[in-house]
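Let's walk through this protein together, one question at a time. Have the sequence and the model open as you read.

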Amino acid sequence: MSAQGVQRDSSSVAVGLGERLSPAGHFMHEVYSNPATEVYRYRSSLTTIGLSGTYSQENDAVVMQQGRGNRYAAFDADSYIRRDRNTLWGGAGYRVGRTMHTEWNENADFELLYPYVWADSVGGNLLSERYTFSGGFAREFGRIAWGIYADYRAEIEYRKRDPRPRNVVSDLNLATGATLSLGGRYSLGASVHLRVYRQKSEMSFLAPLGGPKIYQMLGLGMYSTRFSTGKDGSSVNFSGRSYGAGVELFPRDRNGVFVSIQYFDWAVRRILHDYQELPLTRLTERELDAALGWQGQSGIHHWGIKLSGNYAKRLGTEYIYGDASGSQNYPKLGAVEQYRNNRTDLVLSALWGFEEMRGWSFYAEPRGRYYDFEATYLSPSRKMQFGKVGCGGGLTVEKRLRRSVLHLSVSADYLANRTAELKLEGLDMDGSIGQMMQRNFGYLSADMTLYGASFRWNYDFPRASMALYVQGDWQHGSFADGNRSDYARIVFGVAF
C-alpha cells in the first residue's frame, strides 16, 4: 500500500497505486485543500484512465427532489507528476446518464440551491451530460511552497417529455496557497478560494393545453404565489459566488499532529428572466470545516485519531415588490429574511493497521458520528428538525502477489434518530406539497443502516511501466420504515 512497503519488488506504477489506495495516505486529507500542500502528498507520479458505470436505486426517494436513483456511464483521466521541486496534477472527465424520477425540483444542483428551486408535482427522469476539467501546479522554494489550482464543470440537464426543463450549469473553482516549513517535520499553510457559479434554467411544454403549475419554492412548503406560473418558455437564472480561506498545520511525513480550518462564504441570487431580470431571492451560506488529529507510524505499523466537523448556516432572503407598471417593472419595496437552516456534522474516527507483512496489509477504521439539521421559516411559523447519532467502521485487507494486488474493503454504519420535529403552520397536510414534506421528513429522520464492500484487482506490467485494474463497489441501505437503497459501481482502468 505504501511507497516504502512495495518499492523493493514493484514497478513505480505499483508504488503509486499503493500510495493512493492506502488508508494511511488519506487519513489527513483535509490539509490537501491547499494547492501548495500537493508537493508533499505523494512520493511518486501516476496517471490513471478509467471507464465506469454507476447504478443507484431507492425504493422510495429519500429526498423526492433528488430522485429515486441514477444510471451513469463515465470516463475519467487523472494525473499527478513530480519533477524535482515541481508538482503538476490535473484531470478531465465526461459523464452521461439519467436521474430517475425527480419530483418537486426542476433545477440542477439541488443541494447547492435549496430551498430556492423551480418545482412541480409531475417531475420525471432527467437526462444529463457533464464535462469536468482540472489542473494545478505547485513548487518548492527552499522553506516555502506555493501552489495554484483550478477546476471547471459544465453540465446540461434536461427532460424529453412535459414538463421539459433545460438546465445549463457553469461552475468554476480557483484556489491558491502557500506553506512555510517550521523545521524538519512541520509546515504551516494558508490558502484562499474563489467559486463562480451560473445556472440558466428554461421550461417548455409541447402539450396543446400547456403544462402544470411551476412553483417558485421558498422553503418548507412555501412558494411565491405571484411568480409561480405554468408559462411555456419561462426562464430562471441563478448567479452565485463563494469566497473562502483556510489554514493548516501538518507534518510533511504524516507522523504527528495536524490541524485544518476552512471557512467559506457563499451567496446566490435567483433571477426571473421573464420579469425584466427581477431578483426574487438571495441565498447565503457560511460554512466552517475543521479537523484536528494525530497520525503516527513506526515501521510497518500506522495509527491515528481525528475529530472532524462541519457547521453551515444558510439564510434565505425574499425580495418584496409592488404592483407592476405597464412594462412589467416591479418596484422593489424591501426584503425579508424568512428561511434559516443550520447543519452540524461531527465525526470522531480512528485508524490502525500494518502494511507489507509477508505480502499482507490490514487496516481497521472505527468511527462515531453526530448530525443535526434544523430549518425554520419565519412567517407562517414552520420548522423541520432532526438529529442523529451513530457509529460504524471499515476494514481493509490487501494481498500482494507476484505481479498483482488484491484489495478488499468492507464497511458498516448505523445512524439512530435522537430527536425529530415537524411543524408546518398553514400547510394542507393532505395536499401534494404537504405530503411531500411529510415523506421527506419521515425518511430523513428515520433510523438507518448502511453496509457495503469494495473489491479491486491490479495487474502489473513492470517492463511496460503500466498496470491494469478493475474495481467494483457496492452499498446497501435500509431504513427503519422499510425503505431500501442500493448502489453499485464498476471501473475498468489503466495506470502508467
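Q: Over which residues does pLDDT stay under 50?
A: This is a predicted model, in which local features need pLDDT of at least 70, side-chain atom pairs count only at pLDDT 80 or more, and totals for chains, interfaces and linings use all residues. Residues are numbered from 1 along each chain as its sequence is written, and side-chain values use heavy atoms, leaving out hydrogens and water. The protein averages a pLDDT (the predictor's confidence in each residue, from 0 to 100) of 94, and 97% of the residues score at least 70. The stretch under 50, for which the model has 26 contacts (heavy atoms within 4.5 Å) beyond four places in sequence, is residues 1-9.

Q: How many bridges join strand β12 to strand β13?
A: Strands here are DSSP runs of E with at least two residues, helices are runs of H or I with at least four, and both are numbered from the N terminus. Two strands pair if DSSP finds at least two bridges between them. Strand β12 (residues 256-272) runs antiparallel to β13 (residues 278-298), with L272 opposite L278. The number of bridges joining them is 17.

Q: Which residue takes a positive phi in the hairpin of β13 and β14?
A: β13 also pairs with strand β14 (residues 301-321), in the antiparallel sense and over 18 bridges. L283 has G316 as its bridge partner in β14. This hairpin has two residues between the strands, and the one with a positive phi near 65° is G299.

Q: With which residue does the side chain of E155 make a polar contact of 3.0 Å?
A: E155 sits in strand β6 (residues 144-158). Its relative accessible area is 6%, so E155 is buried (under 20% relative accessible area, with exposed over 50% and partly exposed in between, using a 1.4 Å probe and protein chains only). Residues that E155 touches include R95, S128 and N167. A polar contact is a pair of N or O atoms within 3.5 Å; within protein, one must be able to donate a hydrogen and the other to accept it, and residues adjacent in sequence count only if both atoms are side-chain atoms; the partner here is R130.

Q: Which helix gives the largest share of the largest nonpolar core?
A: A nonpolar core is a set of buried Ala, Val, Leu, Ile, Met, Phe, Trp, Tyr and Cys residues joined through side-chain atoms within 4.5 Å. The largest has 54 residues, and those with the most contacts inside it are L220, L278 and M437. Its largest share is five residues, from helix α5 (residues 432-444).
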